Amino acid sequence: MADSSPPSLDSTSPSSLSSSISSKPTILHLGADVRWNHDLYTKLCQKFNIIRTYSADRETFKRALKDGTWGDFVCMYRPFWNTGGEMGNWDAELIDLLPRSCKLFASAGAGFDWVDTRALASRGIIYCNAASACTESVADATLFLVLSTFRLFGWSSRAAHACDAAQFADAMSNIAAVTHNPNGRVLGIIGLGKIGARVAEKVGVALEMRVLYYDVVRMEVEREKRVGAEWCGSLQELLGRSDCTVLATPFNGVVLLGEREFGWFKEGSRLVNVARGKLVDEEALVRAMESGRVSAVGLDAHAYEPHVNEVLAKRRDVMMLSHCAGASEESHVGFERLGMENLLGWLEKGEAGLVSPVNLQWLNRDT
């Protein structure tokens with residue numbers, strides 16, 4: 001592909017922008033180069049002027065916004081979750097510095113706890129995520145963690161990796177007495193979005209589990225039937241009926257499972273978190289495990305990552321991953337693509353052309 005790289009942070013000034021930008025609207029591309037969807041990126045370059053930030057820490061990024069370094073860009077594009085976020089959380093401090101021309105932020109990943117989507121909406125800026133791109137990967141990882149909580153694969157794996165005959169023999173001799181098959185058991189899902197629904201479909205077929213769900217809004221009956229999930233009218237009902245509970249819901253700034261909620265868990269049930277770590281009070285979880293209320297846990301997300309709870313990490317009834325449930329090449333390809341599809345769709349049809357907006361319900365259209 002021909003080199004279409006616009007000026008970088010270090011080489012761009014308002015005066016140089018004015019001489020290089022045509023009548024096309026401008027996108028501020030955050031982070032690394034596009035790696036896979038080159039044909040689509042070429043189309044994006046034909047429709048927009050694209051300015052690059054590459055790597056910019058928070059203070060550098062703030063200074064550039066204050067100085068108007070990138071001019072009046074209309075959209076921001078972040079194709080990867082692990083690059084282009086060096087400036088930290090997108091809070092009011094950053095959002096208030098954005099030019100009034102900015103109307104859309106298309107970013108990789110499913111979660112958006114690092115960005116204040118309400119604050120963006122109040123400024124008239126739509127935020128789009130790319131959750132559907134990692135749905136399959138996260139759902140597969142969820143099945144692995146569910147299986148791990150029933151079969152204690154974490155214990156078995158650590159014993160084998162230790163290369164210690166005593167640990168190996170201990171696991172081989174004793175694990176059967178405290179593990180179970182999941183088929184015929186009840187899986188409760190908190191959040192029946194794209195990921196939750198796909199988990200329900202996979203679990204129902206592959207593990208032959210009965211699926212319950214709880215969400216802030218009940219899904220259409222047709223969708224419930226399609227994914228094989230039964231509605232629970234309250235979180236307390238779901239937790240009290242489930243043999244294993246899966247967290248697959250966004251984090252809205254409030255702990256969802258704390259001391260009170262762990263008291264609602266069915267005695268000896270299990271927990272899997274593939275959403276956000278701060279949904280769970282980890283100290284309360286430790287106490288619930290010590291009391292036997294929760295018998296096993298699978299965690300992809302952690303409250304203080306990249307640091308994990310050391311007490312939980314040492315337990316043989318806990319399987320941990322490094323927040324990589326959605327990490328696959330297929331997910332990355334999809335993140336890139338969905339971001340560009342949102343940008344191109346918005347340019348062509350406005351809000352109607354967006355693929356995955358998350359904050360339209362709060363959008364201030366009078367700015």
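Hi everyone, let me start in the middle of the chain: strands β6 and β7, the latter covering residues 210–214, run parallel and are joined by five bridges. To pick out one pair, L187 has V211 in β7 as its bridge partner. Before I go further, please keep in mind that this is a predicted model.

Let me stay with β6 for a moment. How many of the five residues of strand β6 are buried? Five of the five, across residues 186–190, so the strand is largely enclosed by the rest of the structure. In a regular strand, side chains alternate between the two faces of the sheet. Here V186, G188 and I190 point one way, L187 and I189 point the other way, and all are buried.

Now zoom out to the sheet that β6 belongs to. It is an open sheet of seven strands with parallel pairing, and the order is β8-β7-β6-β9-β10-β11-β12. At the edges sit β8 (229–231) and β12 (318–320), each of which pairs on one side only. Ignoring direction, neighbouring strands in this sheet are turned by 20° against each other on average.

Further along the same order, strand β10, residues 269–273, pairs with strand β11, residues 294–299, in the parallel sense over five bridges. There, L271 has V297 in β11 as its bridge partner. Packed on this sheet is helix α13, residues 282–291, which touches β10, β11 and β12. The direction of α13 makes about 140° with that of β11.

One residue I'd like you to click on is T249. You'll find T249 in the loop between β9 (244–247) and α12 (259–262). Is T249 buried or exposed? The relative accessible area of T249 is 18%, and the cut-off for buried is under 20%, so T249 counts as buried. As for what surrounds T249, leaving out residues up to four places away in sequence, T249 touches I190, G191, L256, A275 and L279. I190 in that list is one of the β6 residues we just met.

On to the other sheet. Five strands make up this open sheet, in the order β2-β1-β3-β4-β5, again with parallel pairing. Its edge strands are β2 (49–54) and β5 (126–128), each pairing on one side only. The average turn between neighbouring strands is 20° here, direction ignored.

Within this sheet, β1, residues 26–30, pairs with β2 in the parallel sense over five bridges, and T26 stands opposite N49 in β2.

Which helices lie across these strands? Helix α2, residues 38–47, lies across β1, β2 and β3 (75–78), and runs at about 115° to β2. Helix α15, residues 329–349, lies across β1, β3, β4 (104–107) and β5, and runs at about 165° to β3.

Last stop, a helix pair. The axes of α7 (residues 153–161) and α8 (residues 165–174) come within 8 Å and cross at roughly 155°. The two helices are therefore roughly antiparallel to each other, and their crossing is left-handed. Which residues meet there? From α7 we have W155, S156, R158, A159 and A160, and they meet Q167, F168, D170, A171 and N174 in α8. The residues of this contact divide into five nonpolar, three polar and two charged.

That's my tour; thanks for listening, and I'm happy to rotate the model if anyone wants another look.

How values were computed
Residues are numbered from 1 along each chain as its sequence is written. This is a predicted model: local features need pLDDT of at least 70, side-chain atom pairs count only at pLDDT 80 or more; totals for chains, interfaces and linings use all residues. Side-chain values use heavy atoms; hydrogens and water are left out. Axes are lines fitted to C-alpha atoms, for helices over the stretch in contact, and angles run from 0 to 180 degrees between N-to-C directions. Helices (H or I, at least four residues) and strands (E, at least two) are DSSP runs, numbered from the N terminus. Angles under 35 degrees count as roughly parallel, over 145 as roughly antiparallel, 65 to 115 as roughly perpendicular and the rest as oblique. A crossing is left-handed if the near helix is turned anticlockwise from the far one by less than a right angle, and right-handed if clockwise. Contact means heavy atoms within 4.5 Å. Ala, Val, Leu, Ile, Met, Phe, Trp, Tyr, Cys and Pro count as nonpolar, Asp, Glu, Lys and Arg as charged, and the others, Gly among them, as polar. Two strands pair if DSSP finds at least two bridges between them. Buried means under 20% relative accessible area, exposed over 50%, partly exposed in between (1.4 Å probe, protein chains only).
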